[in-house]
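The report that follows describes a protein–DNA model, going from strand pairing to the chain interface, the DNA surfaces and some local backbone features. Please keep the sequence and the structure in view while reading.

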Number of protein chains: 2
Amino acid sequence: MVTIYDIAKATGMAKSTVANALSGKGVVSETTRQRILQCAQEMGYRPNVLARSFYHHKTLTIALILPTITNPFYPEIIEAIERTASERDYQTLFCSTHMNFELGREQMERMMSRWVDGYIIMGSSMDIADVHGYFQQGLPLVLCDWQENEAPEGIPQVSVDFYRAGQIAAHHLLDLGHHRLGVIFDEPQQTLRLEGFLSVLQAAQITLPGEMRQVSSSTLESGYLAAQHLLAQTERPSAIFATTDWLALGAIDAVLDAGLRVPEDISVVGLDDIMLSAHLRPPLTSIAVPKLQLARETISLLFRQIDGEKDVPARKLIAPYLVVRQSTTFPAST
Amino acid sequence: MVTIYDIAKATGMAKSTVANALSGKGVVSETTRQRILQCAQEMGYRPNVLARSFYHHKTLTIALILPTITNPFYPEIIEAIERTASERDYQTLFCSTHMNFELGREQMERMMSRWVDGYIIMGSSMDIADVHGYFQQGLPLVLCDWQENEAPEGIPQVSVDFYRAGQIAAHHLLDLGHHRLGVIFDEPQQTLRLEGFLSVLQAAQITLPGEMRQVSSSTLESGYLAAQHLLAQTERPSAIFATTDWLALGAIDAVLDAGLRVPEDISVVGLDDIMLSAHLRPPLTSIAVPKLQLARETISLLFRQIDGEKDVPARKLIAPYLVVRQSTTFPAST
DNA sequence: CTGAAAGCGCTAACAT
DNA sequence: ATGTTAGCGCTTTCAG
């Protein structure tokens, strides 16, 4: 570990002169600067970021908090976030809460003790009340991929217009001629999607009875189980809206396991449009979320706070759009 | 930001007494300890991990370096690593290199400047020569999911017995009666899998002509393209071994797009057994990698180094095993 | 243009 | 049992 002091000794200069030469900030004569730089090079000097952070109260670190990385929706976003942060010399501390609020709190506390510069909190991975508290303490943070009605006003947030997404899904299925619909969703993180969906049904005077609404947790397996329940109804749905692609994959699995066909017997539409969805059988029709845009806006909002900007806009809503593939079609004529 | 000094002032004690009370290390009378603890509580004291790190030269941070998180093989491992690390109060700094060695070097340098305590470097994400250099500088690091012949002796490493995995794949296909085989693999990170595969073919006096060996990069899309090339041969293979599940998914996609069936026309076997593979159509036959074990051994080897243990065993090989699902069957009788 | 010194928050010897 | 002090590596006034 070679410090500026070491190279000061070696060159016979004072610590501060070395610091100036290295940082390029102070005024140093060209000759001494050269000598110092060369010496630093030779001795293998590496600036101690920790000491610097300690002084500046800036760690060049952001925290990324999410439910679980095993849902393939997240990696696509994380990738973009990490890359963008890295362009600003920021590194990403990553942690998953598995929807365990207690754990989330612990993680946050640890991050705060480390003086992480900013926090990106994704998809309902923490107790919103806690988040609100942290925000009021002045921590730079932004919510990403939450429902816009989940968080109190004022907390910067970039989300997808999930209500709209639900509407798009409903329109698509209705346009195809489906009446008997089923929904698989998570409570309470995905109610907006459901509400958007319902609003369209209602306008079309179609009801969605309780047994056609299956609550799940955000795993493939629970999508599978939820679909099984839908199929077990006496009058099974001709189309299923799963509020995430990950759930939709589980649902398709269940439908096929039940000896039915997708989309001929049952149409399935997902939401997220994860990379995988295009490559499955059948390729999944999905309401796409512009993930790159989501990541960019999030990082941007975060850095604006980190940079001390006031009046960072509180809310960005990103428009989803329909991607039609082959998991949806007209209902079988019965 | 309240410091021990603040609470020293508030209680009229000296800094060190406060420190002692808080850490529980020194000897402090019960009454003052109580007073201090309470005061700390009230003032919202939070220990400054950065200052502590600065003093101790320990940051409670490990780095996780990998090619790309969008390959779903990694999230499953990352999850386990993060969780295990978290149990020891360690946090995980995550970065992906996209197989860009230059970028990998930059990232490493940054991490080193931060005094990251240890490094987990996954799946050929960095130049092994660089890694070797870092290791010789004394950085605690462990390679995870590399081929065991890729790294020089001495660098701690936990890997899967990929040669064996290749053999298992070959045996499985041969046992089913396939002779005309195709392979999709990455160069140079996956040559061992190929060699294991070939060793079995050779023993069975089956040759694998050059056009039946498709080199790809580790993406779904390149698996797709590679499979297309295999199918374009005049005498197409009756079975394909893809050296990762992610490639296998792309391959299946290509086979189906070509109007052929899996497994009736073409069997496909993957390697990794990612969670997804069980839920696809057809469910993928795969050589499974015990991911939890991989993660645990890796973390264990890393912490033993961090803890200063000498003679950390250099190499752990984990045995893969076959999981038969429905993407493989007997060749069509022609 | 260069040097001396204080301080970021905490720890650990060492005095008292 | 409590207080004093030096120091981790770096940055930044402020003097020389």
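Two strands are said to pair if DSSP finds at least two bridges between them, and the elements themselves are DSSP runs numbered from the N terminus, with helices being H or I runs of at least four residues and strands E runs of at least two. By that criterion, strand 5 of chain B is joined by 4 bridges to strand 11 (residues 315-318) of chain B, and the two run parallel. The model is a predicted one, in which local features need pLDDT of at least 70 and side-chain atom pairs count only at pLDDT 80 or more, while totals for chains, interfaces and linings use all residues. Residues are numbered from 1 along each chain as its sequence is written, and chains are lettered from A and ligands numbered from 1 in the order in which they are written.

**Around strand 5 of chain B**

In the pairing with strand 11 of chain B, B:Q157 stands opposite B:R315. Strand 5 of chain B is also joined to strand 4 (residues 141-144) of chain B, by 2 bridges and again in parallel, and here B:L143 stands opposite B:Q157. From strand 5 (residues 157-160) of chain B, B:Q157 and B:S159 point one way and B:V158 and B:V160 the other way, yet all are buried. A residue counts as buried if 20 or more other C-beta atoms lie within 10 Å of its own, as exposed if 12 or fewer do, and as partly exposed in between, with C-beta atoms placed from the backbone.

**Chain A as a whole**

Chain A has 12 helices and 12 strands. Its radius of gyration (taken over C-alpha atoms) is compared with a globule rule of 2.2 Å times the number of residues to the power 0.38; the value for chain A is 26 Å, well over the 20 Å that the rule gives for 334 residues, so the chain is more spread out than a compact globule. The C-alpha trace of chain A spans about 90 × 40 × 30 Å along its principal axes, and 49% of its 334 residues count as buried.

**The interface and its symmetry**

Two residues are in contact if their C-beta atoms, placed from the backbone, lie within 7 Å. On this basis, 38 residues of chain B are in contact with 38 residues of chain A. The largest share of the side of chain B that touches chain A, 6 residues, comes from strand 2 of chain B. Strand 2 (residues 91-96) of chain A and strand 2 of chain B run antiparallel and are joined by 3 bridges, with A:F94 opposite B:T92.

With copies superposed by least squares on the C-alpha atoms of residues with pLDDT of at least 70 in both, chain B is brought onto chain A by a rotation of 180° with 0.1 Å of shift along its axis (RMSD 0.1 Å). The two copies are thus related as by a two-fold rotation axis. In chain B, the C-alpha nearest the axis belongs to B:L93, at 2.2 Å.

**The surfaces near the DNA**

A residue is near a strand of DNA if its C-beta atom, placed from the backbone, lies within 6 Å of it. For the class counts below, Ala, Val, Leu, Ile, Met, Phe, Trp, Tyr, Cys and Pro are nonpolar, Asp, Glu, Lys and Arg are charged, and the others, Gly among them, are polar.

| Surface | Nonpolar | Polar | Charged |
|---|---|---|---|
| Near DNA strand C | 13 residues | 9 residues | 4 residues |
| Near DNA strand D | 13 residues | 10 residues | 4 residues |

DNA strand C is surrounded by 26 residues, and the closest include A:A14 and B:N48. DNA strand D is surrounded by 27 residues, with A:T3 and B:V27 among the closest; helix 2 of chain A gives the most to this surface, with 5 residues.

**Local features**

A:R193, in helix 9 (residues 191-203) of chain A, is buried, with 29 other C-beta atoms within 10 Å. Leaving aside residues up to four places away in sequence, A:R193 touches A:F162, A:A165, A:G166, A:F185, A:T243 and A:L271.

A cis peptide bond with omega of about 10° joins A:V262 and A:P263, and A:P263 lies in the loop between helix 11 (245-257) and strand 9 (267-272) of chain A. Another cis peptide bond, with omega of about 0°, joins B:E187 and B:P188. B:D272, although not a glycine, has a positive phi of about 135°; B:D272 is placed in strand 9 (residues 267-272) of chain B and is buried, with 28 other C-beta atoms within 10 Å.
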